Amino acid sequence: MWRLKIGEGAGPWLRSTNNFLGRAVWEFDPDLGTPEERAEVERVRREFTERRFEKRESQDLLMRMQYARQHDPHEEVTIAKLVEHAEVTEEILLSSLKRALRQHCTLQAHDGHWPGDFSGLMFIMPILIFALYVTKSIDSVLSLEHQYEICRYIYNHQNEDGGWGTQVLGPSTMFGSCLNYITLRLLGEENSNDALVKGRSWILSHGSATAMPQWGKIWISVIGLYDWSGNNPIIPELWLVPHFLPIHPGRFWCFCRLVYMPMAYLYGKKFVGPITQTILSIREEIYAVKYSEVDWSEARNACAKEDLHYPRSQLQNAVWNCLNMFVEPMLNCWPVYKLRDRALKILMEHIHYEDESTNYIGICPINKALDMICCWVENPNSDAFKQHLPRIYDYLWLAEDGMKAQVYDGCQSWETTFIVQAYCASDLVAELGPTINKAYDFIKKSQVLENHPNSETYYRHTSKGSWTLSTADNGWSVSDCTAEALQDLRLAHLVEDVFVYPHHLEALLCVSKISPNLVNEPIHAQRLYDAVDCLLSYMRAPSWLEVLNPSESFRNIVVDYPSVECTSSVLHALVMFREMYPGYRTTEIENCINKAAKFIERNQYKDGSWYGTWGICFTYGTFFAVKGLVAAGRTYDNSSSIRDACKFLLSKQRSTGGWAESYVSCETETYVEGNSPHVVNTSWAMLALIYAGQAERDPKPLYRAAKELINMQFETGEFPQQEHIGCSNRSIYFNYANYRYLFPIWALGELRRRLVNKGSNERT
């Protein structure tokens, strides 16, 4: 059986800045488990496979079963569903909250965070496998059990038409189909089995591997399944242009820069991995003609319609034609080709810096896999390459649908900060002391305490005082993660001052219920100053740089665009910080708050909604926007933006009381109704309305929404895992494991608190 290990790391090639805090790794133990436990694992696996076309999302059952064994079982109470005209009382809300909190507390790891499945993309595992295959490391890193579970996952998420999608949500694409087909073959699966026959049929009937988008072509070029001449140039020499020029990669969004950096190195080297018999066989399986007969020039700009989400403009086509016809040939001529050697050397310096500053985790699994190959190309026996290998496990997650690759090395810090706020909103903090204390310690210990050395030389933003999405070992600061953590730590820091500072902000209302002994040691004020300094330092590149985007499948990848959600989180954190430290950088904080509020108002859609960049989609954006505006002093009475937001949300409420928004909203940029009410969309809409004063004006829509949530709640206290709710780049969708717990808890808690306050006021 498998078990999840938390906060562990050993061996000469693993290193950590804070003793592997938050690290979650699955390990196989052949002696683990009773016959009954093993049978239960096989049952949930079998049931997922049988129903995989009806429900694509796994429930994270293997982790939940492990944690259930570590806690005393709770008696399941049969709860009657609330009928249409049933009244939602404070007692009903309290009962629902206690069941949810009781269950969710059992899923907390000993280090204070809540581990979970942060996956959903079908192209990440293939690129990890490609990196291991090229570097001849598959069998040394992945046990037979790992490989079996990876194959299980890929088979489970093959679509009925035989192809695979770019992600779990959505139809088959050439990108997803080719990468997953090749992965199965590299892991030893025979091309004659039914699943691979269907997969190959889909690929060949939709244009073959020549119709892959750019990223796919680059990856299969690296492993020897596509000729480099069939790619548009990714010229390493771009790194030699003066930094003051806006086209210098140092000005690109960090994800874009760090993915295309190793791509440029491999392109410049025209590196191809070992040509094995398996590679030779696959060459003849994924093309409509013999590999030797493929027209690589014609294939260069081919892209299947299933993958062509963002066609290139005429300007982009002109740029690529110029690069292909003139620039690349010139750069390969004497004496100009000497520039390439210099550029490749600079690229490797940057790659090593990224690896060392992230403890070989990387900013994401994509650049991690590419960097690993580059280190192997430079020196197969290098310490750098060896330090990459054990960090592969940081990206692997196991559930009943098999072993998958996460979109990041987790979202530990991000979700834990929200969970603390949700728990505080329940007004049950006194009963949750040990749980919140562990979470607080985790957040405090996850702060990045120093800037990375020579950060400006390598185009790294200041990181001192910040928080990452995942762990401190990752090292990459994130504005909204820092802002949400700052809000949590301020709550704890205010514990001894609850009678000194006002509690007019929603996020501070729970402070008055916290015992002074709840947290072991409040964070030092200087570390809060560092966090604020980091927040005030962020800036954005000009948006016109997006014209350089070479990807046909992913939108908005060149520029780090400002978002309503990040802006709202920072605004809220600064408002809260200002209450506690009114003398620190007063003018700058005031200016930032005012500009942030105006930015939010300026980006409201005509229908009253806001587009959500990091969640699906308009319910998410509107929740953050309203929360931020309220923190800045806007109300339903004095703000037309908030009034319009309420009208929008109420217009989208379903007859049953909930909200259901489809991931398609992200692509169309208009609200698209989902098939059935979603607990997270419903919670976001509820919270936005609550913060906008709906409970005081007309609570009936909120009662209907609460009824919907309670009726969707299981007798165990859990809420259902539904369609993935995370989003990025308007085209990538993934799962946040704890959202289905924390946001319903938060919404029901805020509603209950207002009912209690209303009752107290009436008695007074």
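In the predicted model, Asn454 occupies the loop that connects α18 (433-445) to α19 (479-493). The phi angle of Asn454 is positive, about 55°, although the residue is not a glycine. With a relative accessible area of 56%, Asn454 is exposed. A positive phi, near 55°, is also found at Asn359, again a residue other than glycine. Asn359 is placed in the loop between α14 and α15 (365-378). At 7% relative accessibility, Asn359 counts as buried, whereas Asn454 is exposed.

A further backbone feature is the peptide bond between Trp334 and Pro335, which is cis, with omega at about 0°. Pro335 belongs to the loop between α13 (314-331) and α14 (338-357), and Trp334 is likewise found in the loop between α13 and α14. Trp334 has a relative accessible area of 64% and is therefore exposed, the limit for that class being over 50%. From C-alpha to C-alpha, Trp334 and Leu132 are 35 Å apart in space, with their positions 202 residues apart in sequence. Another exposed loop residue is His524, at 57% relative accessibility. The loop that holds His524 runs between α19 and α20 (525-536). The C-alpha atom of His524 is separated by 21 Å from that of Asp473, and the two residues are 51 residues apart along the chain.

Trp219, in contrast to Trp334, is buried, with a relative accessible area of 2%. Trp219 lies in helix α9 (residues 214-222). Leaving aside residues up to four places away in sequence, Trp219 is in contact with Ile127, Phe130, Met263, Ile366, Ala369, Leu370 and Ile373. For one of these partners, Phe130, the C-alpha separation from Trp219 is 7.8 Å, across 89 residues of chain. A contact over a longer stretch of sequence involves Glu90 and Leu755, which are 665 residues apart in sequence and 6.4 Å apart in space, C-alpha to C-alpha. Glu90 is located in helix α3 (residues 90-105). Apart from residues up to four places away in sequence, Glu90 touches Arg752, Leu755 and Val756.

The largest nonpolar core contains 228 residues, and those touching the most other members are Ile182, Ile220, Met686, Tyr739, Phe743 and Trp746. Helix α10 (residues 254-269) provides the largest share of this core, 11 residues. In soluble globular proteins, nonpolar side chains tend to be buried together. For Met686, contacts with residues more than four places away in sequence are made to Trp659, Leu702, Ala705, Ala706, Leu709, Ala747 and Leu751.

Helix packing was examined for α24 (residues 640-652) and α26 (residues 679-691), whose axes are 10 Å apart and meet at an angle of about 145°. The crossing of α24 past α26 is left-handed. On the α24 side the contact is formed by Cys646, Leu649 and Leu650, and on the α26 side by Ala685, Ala688 and Leu689. Classified by residue type, this contact has 6 nonpolar residues, with no polar and no charged ones.

Cysteine pairing was searched for over the whole structure, and 0 disulfides were found. For Cys105, the closest cysteine sulfur is that of Cys424, at 12 Å; a bond is ruled out because this is too far, a disulfide requiring sulfur atoms within 2.5 Å. Cys178 is in no disulfide either, the nearest cysteine sulfur, in Cys303, being 11 Å away. Both cysteines are buried: Cys105 has a relative accessible area of 17%, and Cys178 has one of 0%. Each of these values is under 20%, and so each residue falls in the buried class.

Technical notes:
Residues are numbered from 1 along each chain as its sequence is written. This is a predicted model: local features need pLDDT of at least 70, side-chain atom pairs count only at pLDDT 80 or more; totals for chains, interfaces and linings use all residues. Side-chain values use heavy atoms; hydrogens and water are left out. Buried means under 20% relative accessible area, exposed over 50%, partly exposed in between (1.4 Å probe, protein chains only). Axes are lines fitted to C-alpha atoms, for helices over the stretch in contact, and angles run from 0 to 180 degrees between N-to-C directions. Helices (H or I, at least four residues) and strands (E, at least two) are DSSP runs, numbered from the N terminus. A crossing is left-handed if the near helix is turned anticlockwise from the far one by less than a right angle, and right-handed if clockwise. Contact means heavy atoms within 4.5 Å. Ala, Val, Leu, Ile, Met, Phe, Trp, Tyr, Cys and Pro count as nonpolar, Asp, Glu, Lys and Arg as charged, and the others, Gly among them, as polar. A nonpolar core is a set of buried Ala, Val, Leu, Ile, Met, Phe, Trp, Tyr and Cys residues joined through side-chain atoms within 4.5 Å.
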